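I opened a new page for this chain and wrote down what I looked up, entry by entry. I began with one residue and worked outward from there.

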Amino acid sequence: MDLETGVYQNRAKVNSWKTVLTLAYQSLGVVYGDLSTSPLYVYQSTFAGEDIQHSETNEEIYGVLSFVFWTLTLVPLLKYVFIVLKADDNGEGGTFALYSLLCRHARVSSLPNFQLADEELSQYKKDNKKLCNTGLGSRLKSMLERHRVLQRSLLVLALVGTCMVIGDGVLTPAISVFSAISGLEFSMSKEQHKYVEVPVACVILIGLFALQHYGTHRVGFLFAPVVLTWLFCISGIGIYNIFRWNPHVYKALSPYYMYQFLRKTQKGGWMSLGGILLCITGSEAMFADLGHFSQLSIQIAFTSVVYPALILAYMGQAAYLSMHHSAEIQMHRVGFYVSVPEKFRWPVLVIAILAAVVGSQAIITGTFSIIKQCSAMGCFPKVKLVHTSSKIHGQIYIPEINWILMLLCLAVTIGFRDTKRMGNASGLAVITVMLVTTCLMSLVIVLCWHQSVFLAFCFVVFFGTIEALYFSASLIKFREGAWVPIALAFVFLIVMHVWHYGTLKRYEFDVQNKVSINWLLNLGPSLGIVRVNGIGVIHTELVSGIPAIFSHFVTNLPAFHQVLVFVCIKSVPIPHVRPEERFLVGRIGPKEYRIYRCIVRYGYRDVHKDDMEFEKDLVCSIAEFIRSGSIGTNGTTEELEKDEDKMTVVGTCSTHEDGIQISEHDINNTETVGTSEVREIRSPPVMQRRKKVRFIVPESPNIDTSVREELQELMEAREAGIAYILGQSYMKAKQGSSMIKKLVINYGYEFLRRNSRVASYAFSLPHASTLEVGMVYNV
């Protein structure tokens, strides 16, 4: 059924059982930290309100256990492990992975600078078979491609899920840590506990966020042992409680007890589902973190370790509570620690706190990752990305987001001070993400897997009904904490929508006002100004044509570089772009103008290179383009315009060993060693240069004289240095625009632009050689 599985073979994840089992073990610490700590607060949140009471008949506790069992079985096990994990995007998972799949199969991408050449990328895997259901399936696809409203609705749906994930990044650390330290209530009086609980939780949370900049790789090796110890701990306690208090508690797994529960409690039972829902918090992480592991390893870890341990833990708590109805078991003590044998409470408390920290760490890292994806897809302002590990892919740290999450997390902890309202808030965020996944999956089944619409309908009805039931129970608690994720999602959704709208408007302005090739030809090879040594790299969002800001440069600058490169750094709707397909290189104008276009393509999960490596790859890709027989002759204007759209795929230096290689070293190191297999094009000796550059060119075929001269000029320009010219655009709404557009563009977008990272920072460009030129856009 899965058409995308198997592309991510470069890591050899499924080649040996040893590798699979190792990944399964490691996934316990990264993927299941949040899900495994849910027994800390599920029963406590369910019985915390006045909706249901723990009575002598045990109908309530048995009914809750039955709901927990079937919810864990149907949602994480059936839906995610056996169905959703198959919808990977070249090995990556999450909300944006599903949206990316749909973008490629139905042409609904929100990226404005998309090219047909992007569809030729090896990971842009797209099945061209006809839909199995040529009627409804084809009509659904054509409807999505024709109607902009449906495309925007699909983007908004994906962004809603993303915003709720960010909200979960605020709420999960708060409820996990707060619930873990609730065990302190057994070692002190109720009055003392009231004044100790919140400060201790805040200290732990501050420490957790303060250590984020070190990265998880420094303590990541402890994550899996901590979670594994915690799972063995709760399952062991569960087995003890089952045999010690109620060996017949397994009968409560029957769906009949759900019916009994709802018949007795009625509206109160329905409202208590918001607490039961917390048993599946963290399930989405199985799909979101798929890129770090393999599908099989996540399936093995859940089915063989996590799922049995959680079921035993919930059964053990229910067995204990079914035999304890005294006044000691009050509403606030129908929780995890009350069922832990007294002599084990302190060790269990320590392990619980560590497990809560691990679970919180996983969701915080996931929040950083999804914000990076949003930024790459043009749906979030540019932020500072710090890669905390050079060996482990995907581990990033975003300082601004980290401190915002910490402040919001502390505000929730101090403001709520109890697991009931935290649970209501967290539950709504979790179930909303799951509903979004269900909706997107139904489209993936039809458009990507080419299954019948009826199958997709059955999927969305079955799982959508279950999730809608929990969603309604969570939404009814709006005034009791559920408003928090809605408020957070609303704020982040406005930020994303304003930024995306402003980005589209700026790109539309660039396209409508780009300079014609005739204007360039009229300037002549010198562009009407002095051409000095060096390479001028002009950053633009355009993938074709000359940006209007270039004419602004030529008008205001007295001199320009002998080699000009228009660089477009763009994202494509796939997770990773192979290094050998990184660059698209072409020529603007005749050869003697020495003007090139270079499009640098990154996937939404790719790591952008640092400035030195980027410069080397950029120059090397242009040199390889020149050597391989570049396009560009002194033809007519029409021919030049056609040639401008012809781009050559060129990889990074490391990917074309049989092509041109670049060598850079200090001027003092004058010794060079030649071989019989290569020829060297060297620059003439020049005083006071930082580096000497040479191109190592393959022996055959023979290089044309004009090509050699062009390479020589490029090499001398590289030695003189590279300058980055960035257009700093200031956008204003046109006169006569609506009030909403003026608010969005003049105030909303401009505020975000001024307070976000500039392009030079986002793309790791050296500040010392960066020039910014301002220009006002009226959109």
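**Entry 1: Leu28.** I am working with a predicted model. I asked which residues Leu28 touches, not counting those up to four places away in sequence. I listed Gly33, Val227, Leu228, Leu231, Ala301, Val305 and Val306. I then looked up where Leu28 sits, and found it in helix α1, which covers residues 17-30. Its relative accessibility is 3%, and the cut-off for buried is under 20%, so I noted Leu28 as buried. One partner got a separate note: Leu28 and Leu228 are 200 residues apart in sequence, yet 6.8 Å apart in space, C-alpha to C-alpha.

**Entry 2: Gln317.** Next I went to helix α14, residues 295-322, where Gln317 has its place. Is Gln317 buried or exposed? I found a relative accessible area of 2%, and Gln317 is buried. I left aside its neighbours within four places in sequence and wrote down its contacts: Pro39, Tyr43, Gly335, Phe336 and Ser339. I also looked up Asn241, which is 76 residues from Gln317 along the chain. The C-alpha atoms of Gln317 and Asn241 are separated by 7.1 Å.

**Entry 3: the cores.** I asked how many residues the largest nonpolar core has. It has 169 residues. The residues with the most contacts inside this core are Tyr32, Leu65, Leu72, Phe302, Tyr314 and Met441. I picked Leu65 from that list and looked up its contacts, again leaving aside neighbours within four places in sequence. Leu65 is in contact with Tyr43, Val249, Ala252, Leu253, Tyr314, Met315 and Ala318. A second core, separate from the largest one, has 31 residues, among them Val565, Tyr602, Phe625 and Ile703. I copied a general remark beside this entry: in soluble globular proteins, nonpolar side chains tend to be buried together.

**Entry 4: two helices that pack.** I turned to helix α17, residues 419-447, and helix α19, residues 483-512. They pack at an angle of about 50°, and their axes are 7 Å apart. I noted α17 and α19 as oblique to each other. Which residues meet there? From α17 I wrote down Ala425, Leu428 and Ala429, and from α19 Val484, Pro485 and Ile486. By class, the residues of this contact divide into 6 nonpolar, no polar and no charged.

**Entry 5: Ser474.** I looked up Ser474 and found it in helix α18, residues 453-475. With 3% relative accessibility, Ser474 counts as buried. Not counting residues up to four places away in sequence, Ser474 touches Gly274, Leu277, Gly427, Leu428 and Ala482. I had already noted Leu428 as one of the α17 residues that meet α19.

**Entry 6: salt bridges.** I searched the whole structure and got 12 salt bridges. I followed up several of them.

- Arg587 and Glu710 meet through their side chains in a salt bridge of 2.8 Å, N to O. Arg587 is in strand β5 (residues 583-587) and Glu710 in helix α24 (residues 705-720), so I noted a link between distant parts of the chain, 123 residues apart. Both residues are buried.
- Glu713 and Arg594 form a salt bridge at 3.1 Å, N to O. Glu713 lies in helix α24 and Arg594 in the loop between β5 and β6, so this pair ties together parts that are 119 residues apart in sequence. I found Glu713 partly exposed at 23% relative accessible area, whereas Arg594 is buried at 12%.
- Glu59, Glu60 and Lys264 are joined into one network by salt bridges that share partners.
- Asp418 and Arg421 form a salt bridge at 3.2 Å, N to O. Asp418 is partly exposed, at 24% relative accessibility, and Arg421 is partly exposed too, at 29%.

**Entry 7: the whole chain.** I finished with the totals. The chain has 26 helices and 12 strands. What share of the 779 residues counts as buried? I wrote down 58%. I then looked at contacts in the chain with a separation of 6 or more: residues 24 or more positions apart account for 82% of them.

Notes:
Residues numbered from 1 in each chain as written. Predicted model: local features only at pLDDT ≥ 70, side-chain atom pairs only at ≥ 80, totals over all residues. Heavy atoms only, no water. Core = buried A, V, L, I, M, F, W, Y, C linked by side-chain atoms within 4.5 Å. Buried < 20%, exposed > 50% of the residue type's maximum accessible area, 1.4 Å probe, protein only. Contact = heavy atoms within 4.5 Å. Salt bridge = Lys/Arg side-chain N within 4 Å of Asp/Glu carboxyl O. Helix = DSSP H or I, 4+ residues; strand = E, 2+ residues; numbered from the N terminus. Axes fitted to C-alpha atoms, helices over the stretch in contact; angles between N-to-C directions. Parallel < 35°, antiparallel > 145°, perpendicular 65-115°, else oblique. Nonpolar A, V, L, I, M, F, W, Y, C, P; charged D, E, K, R; others polar.
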